[in-house]
Amino acid sequence: MLVTTTENVAGHRVLEVKGQVFGVVVRSRGLAGNLMAGLRSIFGGEILEYTALLEETRRHALDRMVKNAQQMGGNAVVMMRFDSSEIGQTMSEIVAYGTVVVVEKA
């Protein structure tokens, strides 16, 4: 599955637009991770526990989006974006979204 943040794919032409697609994941760091992150925030700098959590969550959201795009019959996603928000004080939501299309080499 070709996934791109651009509207057009070099060397390809869009044959069909299937529609919008997304993959959403909500994650929470466990109590121990939150305690470690809290201690790290006292001294400043990168909070590695949250960085790792968000990187993994983005990959998971992207994988879900690709799976949904395949189910819609597409072979590419264009204009892919990520969005994020917090739910409460301990949960993060990551959404990968874009437009499912069918492309062929030009």
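**A tour of a four-stranded sheet**

Begin by selecting Ser 84: the residue that stands opposite it, in strand E4, is Ile 94. The model is predicted, so local features need pLDDT of at least 70 and side-chain atom pairs count only at pLDDT 80 or more, while totals for chains, interfaces and linings use all residues. Residues are numbered from 1 along each chain as its sequence is written, and side-chain values use heavy atoms, with hydrogens and water left out.

**The whole chain**

Next, colour the chain by secondary structure. Two helices and four strands appear (DSSP runs numbered from the N terminus, helices H or I of at least four residues and strands E of at least two). Followed along the sequence, these elements give the pattern β-β-α-α-β-β. The chain has 106 residues, of which 28% count as buried (under 20% relative accessible area, with exposed over 50% and partly exposed in between, for a 1.4 Å probe and protein chains only). Among the contacts in the chain with a separation of 6 or more, 74% are between residues 24 or more positions apart (a contact being heavy atoms within 4.5 Å).

**The sheet**

Now show the strands alone. In what order do the four strands of the open sheet lie? The order is E1-E3-E4-E2, and the pairing is mixed (two strands pair if DSSP finds at least two bridges between them). The edge strands are E1, residues 2–3, and E2, residues 12–28, each of which pairs on one side only. Strands of a sheet pair through backbone hydrogen bonds, either parallel or antiparallel.

Select E2 together with E4, which spans residues 91–105. These two strands run antiparallel and are joined by 15 bridges. Two partners in E4 can be picked out: Val 101 for Val 17, and Met 91 for Ser 28.

Move on to E3, which covers residues 76–87. E3 and E4 are also antiparallel, with 10 bridges joining them. Select Ala 76 and find Val 101 of E4 opposite; Val 101 was met above as the bridge partner of Val 17. Ala 76 of E3 also has Leu 2 opposite. E1 pairs with E3 in the parallel sense, over two bridges.

**The hairpin and Glu 86**

Select the hairpin of E3 and E4, where three residues lie between the strands. Gly 88 in this hairpin takes a positive phi near 70 degrees. Then select Glu 86, which is found in E3. Is Glu 86 buried or exposed? Glu 86 counts as exposed because its relative accessibility is 61%. Its contacts, leaving aside neighbours within four places in sequence, are with Met 91 and Ser 92. Measure across to Ser 28, which lies 58 residues away along the chain: the two C-alpha atoms are separated by 9.8 Å.

**Thr 4 and Met 79**

Go next to the loop between E1 and E2, where Thr 4 lies. Thr 4 counts as buried because its relative accessibility is 18%. Which residues does Thr 4 touch, apart from those up to four places away in sequence? They are Val 9, Val 77, Val 78, Met 79 and Met 80.

From that list, select Met 79, which is found in strand E3. At 33% relative accessibility, it counts as partly exposed. Its backbone deserves a look: Met 79 has a positive phi of about 55 degrees, although it is not a glycine. Most residues other than glycine have a negative phi.

**The helix across the sheet**

Finally, bring helix H2 into view, residues 48–71. H2 lies across E1, E2, E3 and E4, and it runs at about 140 degrees to E2 (axes are lines fitted to C-alpha atoms, for helices over the stretch in contact, with angles from 0 to 180 degrees between N-to-C directions). As a last stop, show the side chains of Arg 58 and Phe 82. The charged end of Arg 58 sits over the ring of Phe 82, at 4.2 Å from the ring centre (for Lys NZ or Arg CZ, this requires a position within 6 Å of the ring centre and within 35 degrees of the ring normal).
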